[in-house]
Amino acid sequence: MARAAGPALGLLLLRLLLQLLSLPAARSSRPGGPHDLLYVSEYFSQSAQKLSFYSWYGNAKLFRFHVPEDTVLLRWLLQASKGKGPECTSMEITIHFRYGAPPIINPLGTRFPSNTTVRPSYNRTLTLSAALQNSTFVNITTPAAGDWFIIAHLPEAAGKIEVKGFSTPCAYLFQPDMFVLRVVAVPVLEPDIPLQQTIVSPARPLHVKIFIPEYTAKMRFTLRSCVVYDTKACAVQLVLGSTTLPQSFQKTLNCRGRANCSLVLDSPPWEKWLQIKAENLGTATVSFEMIASFTACKPGSTNSFLNFYTSLNQSQSTPALGEGPKASTPGMLGNTTLPTVGAANNASNLGTFCLQNQPVIREDLDVASLRFRVINGPSVPVHSEFPTLLLFNLNTGMDSGGTLVVNLLLNQTLLSIGNASVFACVSAASPVLTLNTTHNCDTAFFQGYPMNVTASSTEATLIIPYPETDNWFLSLQLVCPQGQGECNQAKAKVTVSAYLTPCFDDCGTYGQCSLLRRHGYLYASCSCKAGWGGWSCTDDTKAQSIGSQNLATLLLTLSNLMFLPAIAVALYRYYLVEASVYTYTMFFSTFYHACDQPGVAVMCIMDYDTLQYCDFLGSVVAIWVTILCMARVKKILKYVLFVLGTLLIAMSLQLDRRGIWNMMGPCLFALIIMIMAWVYHGVKRRNCYPTSWKRWVFYLIPGITLAFVAISVYAFMETNDNYYYTHSIWHILVASSVSFLLPPRDEHKKPWAWSQKLICRYQICQNDREELYAVT
């Protein structure tokens, strides 16, 4: 529980809400009865976060809350605020909710990979217009206990590349607060034992819970002996199950006008508490009895208890299933979780069972990365009489930030009936046990994901991004088109590969898998490049062609060759240090942009971070030495400023590489030195400096114009779409301006004088006083 950090409006709403949720200590459905309900309210908050415009999942801000058990009311207080500056315009904030895992969102409308299951998220919008603050409530009755996730983001990013420090972006803040109302000591409904209950007030519904044991195939819930003031006119409505988002599968049983009514749930969630809420639809006191009964599904296994552990020891040297993530140490199981198989083998000894339990080992590899091994696998026998069941344990709370991939491969040679197919379902909380009759993947409170393999289509893949925190089940059964009579005693072999990976296919060629963190929770997402988009960077709607990528690389690299004229001019005028700096800048700028490309036309001669640092350092130092060279100060002072300025620039770039003042600071300081030097020369000569009008018209004015145009392009025109062209223009303009701005050589220096010193061993000493021979 973190401290609240909301604005004054949020604090006011908080007080009102706490007053709303504060209930008397003992609110009973029957005064003085044995089933008095005690309500307790709790408040949870997280610190506000600054929102970003959306371009990929990493721009959205994630909030994670844990809802306690027996919560009957969940209320979100959503607060948003913005800054006061003129840059803060009206803005619409989109907020997504999901139970069990981060919401799957698609604000850009891109495509998901094939075979990916996606269900739209539940979302709300919050608008900030004239007011600086806004808030709203979201109420959820009987929410599911566990982790709830909220994602908030601004609209799609405009794509403009902002220079850090040049403009001040508006700050949009968002903070959710969670209020819960839970019941203490909820009455428990025992199997096959009637529970007498009374509802006195329609405003106070009754809450009961029942525990669902493992291997429950069906649950029958019955309400009977319902009376209102000794009459049979029952007015009770029952709601079974908890609310989940984005989809809720609660079951409603309306018993109005009936003394007895019942509801059958197929495949209720195993090893969980099932919440039951009873509401009085009338105004008078109503009493009734509740009773629930279970139909068990006895599991069977083809292996004995001893053979299971024998095969477990042998499996430590077997390769992993399919093409999932690679283990760091081949042959080692690492951190494994073993399913309980004692009940399965005991049931198999009875000779009658309705499913075959296939033991699976969970092997943890890394963050949001694990794989499942099938004992005596990877092939799994599939029958027509009963389903084959595999358990995938994803209930640690840290597995929901990855992508679950399930792959089925049918062995045609072992398929006894050619026109038969293997129907499979992947579901959470409980398995699907009626595949041969219903041919759908619905359980009591979950809509599963179907899979199917046949002799003509032997492989099927299912991709589930951000799977809910729960036990997941894979059910397989052999189905025949002419009916199950045709499939009697038929068998098939299916190779099962299941693993959890941070990003599917590692985001492909045009994406990068990034691991994101919110407090202690880790989740992964893809950042796409070269115009590619989508959840796994598989959407090529706006993708750049190979030719466009090559053209972009050539433009950004070859445009640096415009420094060759500047280097030649510097060498011609005997500015050797300046020429060395321009050569350094040209070299690292060329290879940095060759390594910085998002597509396939990439070449990195060293580490990317090193290339970027050297490129930024060379660019700023080139501007620094050019302006100091134009100042025409004495050589000793100029070289001292060269070295001292370069050291300070290197330090500032290490602190903040993209800050605008890392470039503007040295430029302004060098300009001040140049103006002071020019004023000094002008006063000393009593003439405008530089004195030649040709120098101004043909060199300084064109050079300054090119420099200002280059800065304008760099600061105002660059976007993600035109970066390849505008940044190439920046290279050309800056390099060209250097050729114009370099001052002329000293009159006593001959052109290319530096080359003569490389050949001649002896030279006559001469006076190099700059002021005596300077021609301006």
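This report describes strand S23 and its pairing partners in a predicted model, and then turns to Thr-583 in helix H7.

Strand S23, which spans residues 369-374, is mostly covered, with 6 of its 6 residues buried. The covering applies to both faces of the strand, since Ser-369, Arg-371 and Arg-373 are buried on one side, while Leu-370, Phe-372 and Val-374 are buried on the other. The arginines Arg-371 and Arg-373 therefore count among the buried residues of S23, on the side that also holds Ser-369.

Strand S23 pairs with S22 and with S31, and the table sets out these two pairings together with one facing residue pair from each.

| Partner of S23 | Residues of partner | Sense | Bridges | Facing residues |
|---|---|---|---|---|
| S22 | 360-366 | antiparallel | 6 bridges | Asp-364 and Leu-370 |
| S31 | 491-501 | antiparallel | 3 bridges | Ala-498 and Phe-372 |

The link between S22 and S23 is a hairpin with 2 residues between the strands, and in this turn Ala-368 has a positive phi of about 50°. Leu-370, the bridge partner of Asp-364, lies on the side of S23 that also carries Phe-372, and Phe-372 in turn stands opposite Ala-498 in S31.

Elsewhere in the model, Thr-583 lies in helix H7, which covers residues 576-595. Is Thr-583 buried or exposed, or partly exposed? Thr-583 has a relative accessible area of 35% and is therefore partly exposed, because buried means under 20% and exposed means over 50%. Thr-583 and Leu-564 are separated by 19 residues in sequence, and their C-alpha atoms are 8.0 Å apart in space.

Conventions. Residues numbered from 1 in each chain as written. Predicted model: local features only at pLDDT ≥ 70, side-chain atom pairs only at ≥ 80, totals over all residues. Heavy atoms only, no water. Helix = DSSP H or I, 4+ residues; strand = E, 2+ residues; numbered from the N terminus. Buried < 20%, exposed > 50% of the residue type's maximum accessible area, 1.4 Å probe, protein only. Pairing = 2+ DSSP bridges.
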